[in-house]
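This report describes a single protein chain, beginning with the overall fold and then turning to particular residues. Please keep the sequence and the structure in view while reading.

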Amino acid sequence: MHGDEIPAARPDSRVVLRPLTGGDQDEFLDLVKASAGLHHPWMSLPATPEQFQAYLARYEKPDEEALLVCVRGTGAIAGVVTINSIIRGRFQSASLAYAAFTPSAGQGYLTEGLDLVVRHAFQRLRLHRLEAQIQPGNHASLGLVRRAGFRHEGLSPEILFIDGAWRDHERWAITTGMVDIGPVEPHPTLPGH
Ligand SMILES: CC(C)(COP(=O)(O)OP(=O)(O)OC[C@H]1O[C@@H](n2cnc3c(N)ncnc32)[C@H](O)[C@@H]1OP(=O)(O)O)[C@@H](O)C(=O)NCCC(=O)NCCS
């Protein structure tokens with residue numbers, strides 16, 4: 001077991017989560033290169049050491065987290081899920097981004113990893129809501145959030161700048177009441193609890 005591994009809520013899970021670290025740079029960049037065809041035009045991940053260092057610095061801040069989805073046993077990196085722009089106060093909400101890597105894509109690892117991220121966000125970070133913004137043509141991503149139990153909330157025109165243009169995105173979200181996680185003490189920044 002990796003020292004920094006985040007405890008899995010499901011002991012039968014084929015994957016584990018752990019935070020991205022500087023030591024992952026070479027493997028991460030190799031996987032991004034190998035996955036260019038899978039990621040384009042939906043997602044742009046760091047492709048150079050400089051971009052990786054900037055990405056890492058972003059996710060060392062307290063309102064952002066980058067989690068690697070790793071295959072249990074081998075530790076191979078199957079994908080990455082980032083928890084972006086955590087808003088506390090009355091929202092207790094964040095945005096998700098995610099990508100699989102080509103060598104292990106299409107085997108359900110991201111489905112299991114996303115389930116663990118949702119549980120981590122609700123139980124450990126004590127968030128209330130997670131949102132994924134997805135372009136209507138991104139069928140693999142839509143399938144992933146459907147399998148993870150997210151709810152379609154609507155379409156936001158021109159909401160994100162992706163691949164050189166402002167793109168319409170469907171908004172998919174999951175809230176604590178939609179997941180069987182048991183009682184969780186509210187985050188101290190939630191007013192009036
Ligand atoms: C979206 C994305 C992360 C999904 O990755 P993925 O590897 O397909 O996701 P999963 O690990 O859940 O695998 C799902 C596939 O595995 C299959 N599978 C096999 N075993 C499975 C299991 N035990 N559980 C679930 N699915 C399983 C599913 O049937 C599905 O296959 P299909 O695509 O032929 O229907 C990936 O396509 C990607 O990186 N896309 C580019 C980046 C991107 O779009 N990010 C999101 C921007 S909004």
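Helices and strands are here DSSP runs, of at least four residues for a helix (H or I) and at least two for a strand (E), and they are numbered from the N terminus. In those terms Leu125 belongs to the loop between α4 and β5. The model is a predicted one, and every value below is computed from it.

**The chain as a whole**

The protein chain contains 5 helices and 7 strands, and from the N terminus on these elements follow the order β-α-α-α-β-β-β-α-β-α-β-β. Its radius of gyration is 16 Å, close to the 16 Å that the globule rule gives for 193 residues, so the chain is as compact as a globular protein of that length. Taken along the principal axes, the box filled by the C-alpha atoms is roughly 45 × 45 × 30 Å. Of the 193 residues, 44% are buried, and the surface that the chain exposes comes to about 9,900 Å², with carbon and sulfur atoms supplying 53% of it. Among contacts between residues at least 6 apart in sequence, 62% join residues that are at least 24 apart. As to charge, the chain carries 18 positive and 22 negative side chains, and the centres of these two sets lie 5 Å apart.

**Helix α4 and the loop after it**

Helix α4 covers residues 109–124, and its 16 residues reach 21 Å from the first C-alpha to the last, close to the 22 Å expected at 1.5 Å a residue. Its buried residues include Tyr109 and Leu110 towards the beginning of the numbering, and also Arg119, His120, Ala121 and Phe122.

What does Leu125 touch, leaving aside its neighbours within four places in sequence? Its contacts are Glu65, Ile83, Ile86, Arg88, His120 and His187, and of these His120 is itself one of the buried residues of α4. Leu125 has a relative accessible area of 14%, and because buried means under 20%, it counts as buried. Arg126 lies in the loop between α4 and β5 as well, but with a relative accessible area of 29% Arg126 is partly exposed. Although Arg126 is not a glycine, its phi is positive, at about 60 degrees.

A positive phi is also found at Gln92, a residue other than glycine, where the value is near 50 degrees. Gln92 sits in the loop between β3 (77–87) and β4 (93–100), and at 2% relative accessibility it counts as buried.

**Gln135, Pro41 and their surroundings**

Gln135 is placed in the loop between β5 (129–134) and α5 (139–147). Is Gln135 buried or exposed? Its relative accessible area is 13%, which makes it buried. Not counting residues up to four places away in sequence, Gln135 touches Pro41, Trp42, Leu142, Ile162, Arg167, Asp168 and His169.

Pro41, one of those contacts, lies in the loop between α2 (36–39) and α3 (49–58), and the peptide bond that joins His40 to Pro41 is cis, with omega at about 5 degrees. Gly164 is found in the loop between β6 (151–162) and β7 (165–175), and it is exposed, with a relative accessible area of 58%.

**Separations in sequence and in space**

Three pairs of residues can be set out by their spacing along the chain and by the separation of their C-alpha atoms.

| Residue pair | Spacing along the chain | C-alpha separation |
|---|---|---|
| Ala34 and Gly137 | 103 residues | 22 Å |
| Leu125 and Gly137 | 12 residues | 31 Å |
| Gly164 and Pro41 | 123 residues | 9.7 Å |

For the Gly164 and Pro41 pair, the C-alpha atoms are thus separated by 9.7 Å with 123 residues of spacing along the chain, whereas those of Leu125 and Gly137 are separated by 31 Å with a spacing of 12 residues. Ala34, a member of the remaining pair, belongs to helix α1 (residues 25–34) and is partly exposed, with a relative accessible area of 47%.

Terms used
Residues are numbered from 1 along each chain as its sequence is written. This is a predicted model: local features need pLDDT of at least 70, side-chain atom pairs count only at pLDDT 80 or more; totals for chains, interfaces and linings use all residues. Side-chain values use heavy atoms; hydrogens and water are left out. The expected span of a helix is 1.5 Å times one less than its number of residues. Buried means under 20% relative accessible area, exposed over 50%, partly exposed in between (1.4 Å probe, protein chains only). The radius of gyration is taken over C-alpha atoms; the globule rule is 2.2 Å times the number of residues to the power 0.38. Contact means heavy atoms within 4.5 Å. Accessible areas come from the Shrake-Rupley method with a 1.4 Å probe; for residues, only the protein chains shown count as cover. Lys and Arg count as positive and Asp and Glu as negative; His and the chain ends are not counted. The place of a charge is taken as NZ of Lys, CZ of Arg, CG of Asp or CD of Glu.
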